[in-house]
Amino acid sequence: MVKLALRSGLRWKVSLAIAGVSALVAVALSLVVHNAARLSMLDNSRDVMDERVQIAQRYYENTGRLMLHAKVDDPTLPQQLRDAAAVGLRATYLQDSAGNGTPEVWASVPLRNGKILSIHTKFKDRFSIIDTLDRVLIIGSVSVVLGGTALGILIGGQLSRRLRKAATAARKVADGDPEVRVREAIGGRVRDETDDLARAVDGMAEALQDRLEAERRVTADIAHELRTPVTGLLTAAELLPPGRPTELVRDRAQAMRTLVEDVLEVARLDGFAERAEMQDIRLGEFVTRRVRIVEPDARVKVVREAYVSTDPRRLERILGNLLANAAKHGRGPFEVTVEGRVLRVRDHGPGFPEELLEKGPSRFRTGSKDRAGKGHGLGLTIAAGQARVLGARLTFRNADPEVEGGTGAIAVLWLPESAPTSTGSFPIIRVPD
């Protein structure tokens, strides 16, 4: 069974709430007005019939004739009026008519000779006013509900619009734009809860930005201070006599130098100070040449050639890091596919760890045990940072054995149709599911 999750916006929730309250208030007021008008109409009808029966009584006792459709000892007279006349009381009585909303109004009075004089009528013309009033109340209730709904849409739309702007600004902050402030994005003129939320998010973003900047600065300073002694260590290693110990010292010194350079590059990327130097290239031809140099055994397949505007040096860095990661943590054969602006790098190893697929690449984290012990986790971090500079999108997934034949890690680089601007803003890359 497929379950559909319906997501309703705040605007419609607010409008439905106001419409519901408006409907309840309108119905309640309509019932109160209807009942009050009906009771008033019934009381007035009783008074009129009481006056009529008194006039008919005086006329009958003086002339012996009947008027106003009065009757003496009417066989249809209700028992309640007979009981009242038996104790010498003048009375009125409402008798509901089956299938008709207009009640029949009775009035009776006992005569001196022991008989009962009575009058009854329905007052259809009077009670038709109730029907007119009901129609007016229905129209008014519908108008109130529609007006409440419109007001709810207006209020909810304004609140929803501010929250959407806040969410968009918060996403930009999360993507690393240090200049965005949520309160400015929503227009902080209305003093409400959204303004308080924007202030809190801006304060959190500023505190987080300061902490990240301090961390980046410390990392860059440490790496910069390590560069000089590491360079000296490499120079000294070159002066050692040939032999296995010398090779080990040179290898470890070179690895340390590579690590220092990678840390410096990560620090520069984290500072969002990098700008791409764009050139127009044929992506398939460029990738083919670079792969032959970096990983000669890899298979390159150009499904569809495309001209792209990108930074060749940064694109080469991304491609080299992806292939190096595949060589360290995966197994051959290695496949590189170019399809338009989409570049895929695949190996046939155990695949990416779940933590990387959920949270993305992170420095000094190499994943699960079967991919641990090699590298420092900086390769994919640098690749993702360089992709951000290019305005591209780098995604990671594992191959589907049933569809793609076997296991393996797949990194996909989505290059944009337009290049990043000089101010550092990037186009939006739409990635299919």
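Helices in this tour are DSSP runs of H or I that hold at least four residues, and strands are E runs of at least two, both numbered from the N terminus. The model on screen is a predicted one.

**The whole chain**

Begin with the full chain in view, where 11 helices and 11 strands can be picked out. Of its 433 residues, 34% count as buried, and the accessible surface comes to about 26100 Å², with 56% of that area belonging to carbon and sulfur atoms. If contacts are drawn for pairs with a separation of 6 or more, 61% of them join residues 24 or more positions apart.

**The two annotated spans**

Next select residues 12-33 and 136-155, which the unreviewed UniProt entry annotates as "transmembrane region". Residues 12-33 are 100% helix and 0% strand, and the C-alpha atoms at the ends of this span lie 31 Å apart. Residues 136-155 are likewise 100% helix and 0% strand, with 28 Å between the end C-alpha atoms.

**A patch on helix H1**

Now show the side chains of Val-21, Val-25 and Leu-29, which together make a nonpolar surface patch of about 270 Å². Val-25 is found in helix H1, which runs over residues 10-63. Since partly exposed covers the range between 20% and 50% relative accessible area, Val-25, at 43% relative accessibility, counts as partly exposed.

**A backbone detail at Asp-73**

Move on to Asp-73, in the loop between strand S1 (71-72) and helix H2 (79-86). What is the sign of phi at Asp-73, which is not a glycine? The angle is positive, at about 50°, and this merits a look because most residues other than glycine have a negative phi. With a relative accessible area of 40%, Asp-73 is partly exposed.

**The aromatic pair**

Finish with the aromatic rings, for which the count comes to one pair. Select Phe-352 and Phe-396: the ring centres are 5.3 Å apart and the planes stand at 80°, so the pair is edge-to-face, given that planes over 60 degrees apart are placed in that class. Phe-352 belongs to the loop between strand S9 (342-346) and helix H9 (354-359), whereas Phe-396 sits in strand S10 (residues 393-398), so the pair ties together parts that are 44 residues apart in sequence. Are these two rings' residues buried or exposed? Phe-352 counts as buried at 6% relative accessibility, and Phe-396 is buried too, with a relative accessible area of 15%.

Terms used:
Residues are numbered from 1 along each chain as its sequence is written. This is a predicted model: local features need pLDDT of at least 70, side-chain atom pairs count only at pLDDT 80 or more; totals for chains, interfaces and linings use all residues. Side-chain values use heavy atoms; hydrogens and water are left out. Buried means under 20% relative accessible area, exposed over 50%, partly exposed in between (1.4 Å probe, protein chains only). Contact means heavy atoms within 4.5 Å. Accessible areas come from the Shrake-Rupley method with a 1.4 Å probe; for residues, only the protein chains shown count as cover. UniProt positions are given in the numbering used here, feature names are shortened, and annotations may be inferred rather than shown by experiment. Rings of Phe, Tyr and Trp (its six-membered ring) pair if their centres lie within 6.5 Å; planes under 30 degrees apart count as stacked, over 60 as edge-to-face and the rest as tilted. Patches are made of residues with over 30% relative accessible area and no salt bridge: like charges are joined within 9 Å, nonpolar side chains (Val, Leu, Ile, Met, Phe, Trp, Tyr) within 5 Å. A salt bridge is a side-chain nitrogen of Lys or Arg within 4 Å of a carboxyl oxygen of Asp or Glu.
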